[in-house]
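Colleague: I have just opened this one and have not looked at it before. Could you walk me through it, starting wherever you like?

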Amino acid sequence: MGLFEREPELATLRDGARRIEEGGRVVTVTGDAGAGKTSLIRAAFGSAPASGPHLLRGLCDPLTTPRPLGPIADALGELDAISRPGGSNVAPGGGATSPLDGEGAFVAAVADRATVLVIEDAQWIDAASVEMLRYLVRRIDALPVLLIVSYRDTVIGVGHPLLPLLGDVARLETASSITMQPLSVASVAAVLAGTGVDPGRAHELTGGNPFYVGEIARHPDQRLPSTIRDAVLASTTALDGDDLETLQLIASAPDALDDRLLPGLGIDLPQLRRLEATGLIVRARRGIAFRHELARLAVLDSAGPGGASLLHRRLLTALEALGSNDYAVLTHHAEAAGDDARTRRYAALAADVATRTGSHSEAVAFLELALAHLGDERTHRRERAEMLELLSTEQYMVSRLPESIASIDAALRLREQLGDREGAAAAHDRRAVVEYYSARRAAAEHHAELAVAASDGTPNGPSARATLAYLAYRRHDLAAARAILLEAEHDDDAPAGPHDDPAAIRFAITEAAAALVEGEPSGRPRLLLRAAQALDRSLDEVGTTAFSNLAAIDIESRRFREAEAVLARSIPLTVERDIPICYQWQTGMRARLHLLRGHWAASAEDASNILDEGSAPLASVWPNLVLGLVELRTSGDDATVSEHLDTAWELALELGESLMILGALAAIAERRWMSGGADARLDEAPAHLGAAASLPGMQWAIGELMVWLARVGRAVDADASGLARIAEPHRLELAGRHAEAAAAWFALGSPFEASLAELHGTDREAAIGALIRLEEMGLDASAARARTLLADRGIEGLPAQRRASTRSNPSGLTNRQLDVARLVAKGLTNAELATSLYISPKTADHHVSAILAKLGLSSRREIARRAAEFGID
């Protein structure tokens, strides 16, 4: 019927495509079913010419549980078809680039040249596709990509998988939204002109929905339908019973009826032509599909009570005869057919595929569905326990910890009823891990000990001991961890080696991490090796845990470049393999890394993203400390600072790990330094320092707290307390050698710590320089406190406060700008930047100009020369 009242919306989409080389952008298109979202997008772009942007479409299907990476596979399949013109119809994801290659490969593929990427019906999107698109969105300002996401906003509620992506889009300055408004009465009248239908009555019945209005216009001879269902079914009145049943059968396939099923279902070419004449179906890349979802639902509903289940049963049988292994589709039809046994079987198989392909969110949904169709608990106790254990693991992977605990508790009760000691041990082992990530160490160690006791002499013994050893390692009790590892080595059930068993790989990871904490360099390559071994075996949690611990050790030891390299490799893996629990931990650690390097904007960006998503308690300790300190140093908003520091302190105590406890106390002491006043928690500092003194790998945490205690007049006698073993910069400052301490901090790349060391020294010029540097870094609250301290010391002639417009501010670089700045520091030209980042040279130049402005520099050469100073080397 054409488009009515859509000129501004068309202009928005076309303008986005025209400006694509200036930098990417996102447009969301929302509206009810039938509002014309797809028609608008097709009118804006049609078929992209060979010389214009690629036009890629990904369709989200209304399956009971979404197909993992379905729309991403669609888009890449279309890209493959573009690269092979005239080739055969390619199955989704069957091209040279598979979505399983990872989000980096996906971005590289779609951004190879200017691209319009359309994701349709995102109300049915799967979580894995959301993470892929979030990865794209966070880089889109530097990519020649226009991302268009259409969805029904009325069905996006709390907990919907699309929400994290919409949150990222909302933060973009280049994002825009289109809301499809109903047609006016005048436009309805234009559509119905010459039909004899009353436009006012039609507008009242349809609410101005373009699809409804169009269907009424297509059937002016019919009585004015009271519902759109009548309008759709009016297209089928010329069909006989067999043809109508075939149309209903096609309607039972929500994603399209696969061409390969047609012969087995007895559908021939003449029948397809008769069905096509209804105007309801179209030829799609995946087979025969309905032109509109509303039409499909209306036809399916016409099958009457019980009819839909019979249709789904026919399709299920046909798919089985074809040997289909698309378990997501098989599950959908089995459930709709009311076949509990096949629903259970195919959902379990679909969950296994989802787990192995790194789609853990979908694995959760499939396992929940399988459990719902398991039947009587008393007659399926063992099978139910196995499914609950798998479900608990997958819920943990996607950071649904309370649900994970509920699932494993239910499994544990069943194992105990069955008298299954080995199964009960495995359940306690899983419970221990989930309790730890819930920041409940006492409960974690209790269940780990129960697992070890119950697994004695069973194949689960090594896994239980691996968990107990890891918990000891995390509290830096390396002697206890090694004692457990040694005991496991002499166990009759000990695995042969790290190549052969997940528990053996976990043992090796803990041993390597402990060695690295103690300063043994060989721990690093050993950790990297074990991570690779685990990931090769699809042991996603184990492999990413190795990376997490390596990055944490590097950050704690102030090996910033090494930590940055590890996180640059591992964080994309957590996205690619859909492991939110590890993504949260590693991104929180990157927030801490940015904080120590003086990158406040990037630090707060990471920390806020994690806390806004509702992270696991274990993963939220450092983000809370980061946000509390950034707020303390920049604005000094005490209410916000208190909220974050209090949360971090409570979690650190629950975890009982000295690193976190001392870190929280150091932040509390810094707050005391900023604002004065008493804080009873600092009275506990000597006891916590004493507890940490005998632990390896604590020299930086101990030194940091001791320095801050000294600054607030609570100095601890290092020699008397046996706390002399601290990191060199802290030791130098406590010894009154402030200039040497500052030099050490500058060499490490920690400008804030260097400035504080100079500020508390006796050198007047150095102290004033520190004040200026704090202002340059945008730390207004810390700079104000520094001015007060210098004035109290009688230092005169302090420079006037610098205006924000005169500051060079490396701390203001975002994560994306840091990526660009590092490449510029390595000497890459705009053309080389464009190649590396999949952007145009013009966009690269725009980023470089913004970075130079923030750094207060005039040339790229200065970025390279001062890279170490800015923490971008």
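**A walk through the model**

Modeller: Let me start with two tyrosines, since Tyr470 and Tyr473 are both buried. Please keep in mind throughout that this is a predicted model.

Colleague: Which helix are Tyr470 and Tyr473 in, and how many residues apart are they?

Modeller: Both belong to helix α22, where they are 3 residues apart, or about one turn of the helix.

Colleague: How many aromatic pairs are there?

Modeller: The count comes to 8 aromatic pairs. One of them joins Tyr396 and Tyr437, an edge-to-face pair with 5.3 Å centre to centre and 75 degrees between the planes. That pair links distant parts of the chain, with Tyr396 in helix α18 (residues 381–397) and Tyr437 in helix α20, 41 residues apart. Tyr470 and Tyr473 form a pair as well, but a tilted one, with their ring centres 5.9 Å apart and 40 degrees between the planes.

Colleague: And Tyr396, is that buried or exposed?

Modeller: Tyr396 is buried, because its relative accessible area is 0% and the cut-off for buried is under 20%. Tyr437 also falls under that cut-off, at 8% relative accessibility, and therefore counts as buried.

Colleague: Which residues do ring pairs link into a cluster?

Modeller: The cluster consists of Tyr396, Tyr436 and Tyr437, joined by ring pairs.

Colleague: Let's change topic. How many cavities of 30 Å³ or more does a search of the whole structure find?

Modeller: The search finds 3 of them. The largest cavity has a volume of about 320 Å³, while the second largest has a volume of about 80 Å³.

Colleague: Take the smaller of those two, then. What lines the second largest cavity?

Modeller: Some of the tyrosines we have just discussed come back here, as the lining includes Tyr436, Tyr437 and Tyr470, together with residues such as Arg474, Thr545, Ser548, Asn549 and Trp585. Helices α20 (421–437), α22 (461–474), α26 (540–556) and α28 each supply at least two residues of that lining. By class, the lining divides into 7 nonpolar, 3 polar and 1 charged.

Colleague: And the largest cavity, which residues lie nearest its centre?

Modeller: Leu596, Arg633, Glu704, Trp708 and Glu753 lie nearest the centre, out of 26 residues that line the largest cavity. The elements that give two or more residues to this lining are α28 (580–597), α30 (621–634), α32 (658–675), α34 (699–711), α36 (728–734) and α38 (751–759). The lining has 15 nonpolar, 2 polar and 9 charged residues.

Colleague: You mentioned Trp708. What sits over the ring of Trp708?

Modeller: The charged end of Arg711 sits over that ring, 4.6 Å from its centre. There is a similar arrangement elsewhere, where the charged end of Arg345 lies over the ring of Tyr346, 4.8 Å from the ring centre.

Colleague: Now the backbone. What is the phi of Ser399?

Modeller: Phi of Ser399 is near 65 degrees, which is a positive value in a residue other than glycine. Ser399 is placed in the loop between α18 and α19, and at 14% relative accessibility Ser399 counts as buried.

Colleague: And Asp578, where does that lie?

Modeller: Asp578 lies in the loop between α27 (560–576) and α28. Asp578 has a positive phi too, of about 55 degrees, although it is not a glycine, and with a relative accessible area of 2% Asp578 is buried.

Colleague: Let me step back to the whole chain. How many helices and strands does it have?

Modeller: The protein chain has 45 helices and 7 strands. Its radius of gyration is 31 Å, close to the 29 Å that the globule rule gives for 873 residues, and so the chain is as compact as a globular protein of that length. Along the principal axes, the C-alpha atoms fill a box of roughly 95 × 70 × 45 Å. Of the 873 residues, 58% count as buried.

Colleague: One last thing, then. How far apart in space are Leu412 and Thr544?

Modeller: Leu412 and Thr544 are 27 Å apart, C-alpha to C-alpha, and 132 residues apart in sequence. As for its setting, Leu412 lies in helix α19 (residues 401–417) and counts as buried, at 11% relative accessibility.

Definitions and conventions: Residues are numbered from 1 along each chain as its sequence is written. This is a predicted model: local features need pLDDT of at least 70, side-chain atom pairs count only at pLDDT 80 or more; totals for chains, interfaces and linings use all residues. Side-chain values use heavy atoms; hydrogens and water are left out. On a 1 Å grid over the protein atoms alone, a cavity is a set of points where a 1.4 Å probe fits but cannot get out, and a pocket is an open set with protein on both sides within 12 Å along at least five of seven lines; lining residues have an atom within 4 Å of a point. Grid points are joined across faces, edges and corners, and a volume is the space filled by probe spheres set on the points. Helices (H or I, at least four residues) and strands (E, at least two) are DSSP runs, numbered from the N terminus. Ala, Val, Leu, Ile, Met, Phe, Trp, Tyr, Cys and Pro count as nonpolar, Asp, Glu, Lys and Arg as charged, and the others, Gly among them, as polar. Rings of Phe, Tyr and Trp (its six-membered ring) pair if their centres lie within 6.5 Å; planes under 30 degrees apart count as stacked, over 60 as edge-to-face and the rest as tilted. Buried means under 20% relative accessible area, exposed over 50%, partly exposed in between (1.4 Å probe, protein chains only). A charge sits over a ring if NZ of Lys or CZ of Arg is within 6 Å of the ring centre and within 35 degrees of the ring normal. The radius of gyration is taken over C-alpha atoms; the globule rule is 2.2 Å times the number of residues to the power 0.38.
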